[in-house]
Amino acid sequence: MKHIINLMLVFFGLSLVTAQSYSVEGTVQDFHDKTMLENAVVTLGKFTTKTDKKGRFSFSNISAGSHQLFAKHPLCDDYTENVKVDRDLHLAITLEHHTNEIQTVTLHGSHKTKGSVIMSTLDKTDIDRNSTENLGNLLSKLSGVTALKTGNNITKPVIRGLYGSRISILNNGVKMAEQEWGVEHAPNIDVNDFEHIDVVKGASALKYGNEGVGGVVVLEPAILPKKDTVMGNIRLSGISNGRGGELGATVIKSWENQWFVKAGGTYRKTGDQYVPHHTLQNTGQEFNSFNFAFGKHSFLQGFDVSYSGTNQEFGIYKGAHLSSLEDFYNAINFSQPYYLDNFSYNIDNPKQEVEHHIAKIFAYKRFENFGKLSFQYSFQINHRKEYDIRRGELLNVPSMDLRLITHSASLVHLLERSNWSLESGLSAGYQDNYPNPATKARRLIPDYYRYDAGAFSVFKYRFSSKMNAEAAVRYDFSRYDAYKYYDSDKWEANFAAIFPQFFIQESGSRTLTRPILDYHNLSANLGLDYKPTQNYEFKLNLSRVERSPNPAELFADGLHHSAAIIERGDLTIKKEALYNFNLSFVGNFNILKGLHLEINPYLMYSDSFINQIPTGYESSNRSGGGAFPIWTYQQIKARMIGVDTDAELSILDNLKWKSSFSTLRGDDLSNNEPLILMMPTKLRNSIELNLSKPKNFYITLENDNTFKQNRFPVTDIPFTYIKDGQIIDAIIDFSSTPAAYTLFNATIGADLYKNLNLNFRINNLFNTEYREYLNRLRYYMFEPGRNFVVTLKYNF
């Protein structure tokens, strides 16, 4: 019996040990900014609890042994771990928060916060409904944004009166380097590659460089799903104006282990464009693009390798390249058109052929206490050929053949905490521009090397849930090392005494020089974001940005063939400094089903603004002859003031009215006259009806009103010509602006089947005849007439 009792005590003692329990407590926090996460669900074995406001949780009476720990929180990856409980434990759980967000200055949709930036966005729906448009025309649908055109195919975005080198375009994180200084150098972009397009207005995104003094266009691809799937789409469009079409496709393969492969491309071809009552000869286009990417994106680390390429060929309306001063005078003063009708798909001289290739390597890694480190290297090559109307052996030789190679690299560090974040980075760039001498034409832009280096820092601080502040500073260094010939008389008259160190040698009537120019630019930005209630938000953004002059502003000297102008740069032009003042008010009002209103007044001032104006005309000695206006760069004091307004009213749950209004006043304070090429006042209205049956059916009617630009500098050009043996004095009206006009557009669409969507759009519904002030060829041609575009899109 004694032995039995002892044995029972041993087993009883063991059972006491087995039944011993412990407490488990801890915290749940964000990985990168260390914010304690409230209401995170924590499960340990069969017990479940939620974290409090300080991210704390606790369990008691947890039996010894191994237990499954599970934690989850909205917008986080779930956390799972086996926990061995053999004593009281304190656990610090770190969740990978914000995994679906894009850490960038420009923010959209589900991104964290827009901060103090003033931004407009085109989402995937806007892009899909206008998939055959180029980037310039597509962005024109936003308030404060329009397009500078050379004909009807070549467009580039204008943000609040600024364009070219003052607008930075970010293609999947790569700043486009494509000789953007040219007024007729359209961005080499396939808009179908992107999920949304953000336009930051004003110089409030210094992260991307100091050249975006007017704004930044950010093109972002879709965030890929983290699961095993194959997805994509095939698009087919028919275009009536030009009797052409477009075919495009995208395919994506992703895996649950977060690897992905993506590829896509587009081909578009149209012939001569129709304007009311006529067809414009040699206005066709051909466009093709291809993109490919692969990589792995996890929260902690990732990389991707990508390539994109575009190839474009545009015809330039022949009526803009005239052979005599009399034809030039008649075309501009009396709108006498040339080269009409006779439709063709052929693209003859004058024309452009442009290739652009981008290769990018990107990698990032997050460190628990150090933050996120990102590295990017990109290589770009832009090859542009411009063909003039030439004769004989030069018939098929381009008048301009430019090859621009750009290398860029950046290293960026992001550190985030609960109430503040600090993003800092270094960047470097190298450009090699080579104008092919085989053209046997004077080089508009000379050989040059450009070296760039920059550093920036952006600090954001959250005072409270209602008030946020942002401050940024950036330094940039740029050097041009160029080789350029000048006419000896012009060199002696204008630059020899100022830059004697640039002289190399005389060569007949030409002087060879080597300008080496250095620029040091310091820029800063301050922003405030105040949201007193959920329905109201106020933003203030102040900035001072310095920009180096671009190659055309410094070196341009000769006939810009596809633009049909002669350009003259100025070696004495200094860097440009521009001050921006932006305000924004956003309000939501309980009117009908809800009214959303945004009002954004702004002021820009510069005492070193680089402007280009027509200053005369010149008969060209090209093989085909011709007369062309001279446009000269100069530096002035300038001021721009304007306002952008957007409103969206939900009349019914399925009926919305949208309206936008933009007006801008630009002044040349040095010469006490209006600035040239300022955007006319615009008013846009649209109403859209959405019905669930048939599935996703919608119909939209748009009304675009462009007012006459009554403020313009008088740059009329006096000249003489001979007619019937007599010398006639005349004045070319180079200043008057086109009349106001109103356009109507309509769109209708629906899902025909589960994965098949139809979109039918009519542009210029009533076939209105009009001219645009910001079309550099407006003197010679009207804008496009009615255009039917039908697009079938199959998603898989």
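1. Charge distribution: the protein carries 84 positive and 85 negative charges, whose mean positions are 5 Å apart, where Lys and Arg count as positive and Asp and Glu as negative, with His and the chain ends not counted, and where each charge is placed at NZ of Lys, CZ of Arg, CG of Asp or CD of Glu.

2. Basis of the values: this is a predicted model, in which local features need pLDDT of at least 70 and side-chain atom pairs count only at pLDDT 80 or more, while totals for chains, interfaces and linings use all residues. Residues are numbered from 1 along each chain as its sequence is written, and side-chain values use heavy atoms, with hydrogens and water left out.

3. Domains: the protein is divided into domain 1 (21–95) and domain 2 (219–795), with bounds that come from an automatic or database domain assignment. The C-alpha centres of domain 1 and domain 2 lie 52 Å apart, and 6 residues of domain 1 are in contact (heavy atoms within 4.5 Å) with 9 residues of domain 2.

4. Contacts across the sequence: among the contacts in the protein with a separation of 6 or more, 65% are between residues 24 or more positions apart.

5. Burial and surface: of the 796 residues in the protein, 55% are buried, that is, under 20% relative accessible area with a 1.4 Å probe, protein chains only. The accessible surface, from the Shrake-Rupley method with a 1.4 Å probe, comes to about 34100 Å², and 57% of that surface belongs to carbon and sulfur atoms.

6. Extent: the C-alpha trace of the protein spans about 145 × 65 × 50 Å along its principal axes.

Definitions and conventions. Buried means under 20% relative accessible area, exposed over 50%, partly exposed in between (1.4 Å probe, protein chains only).
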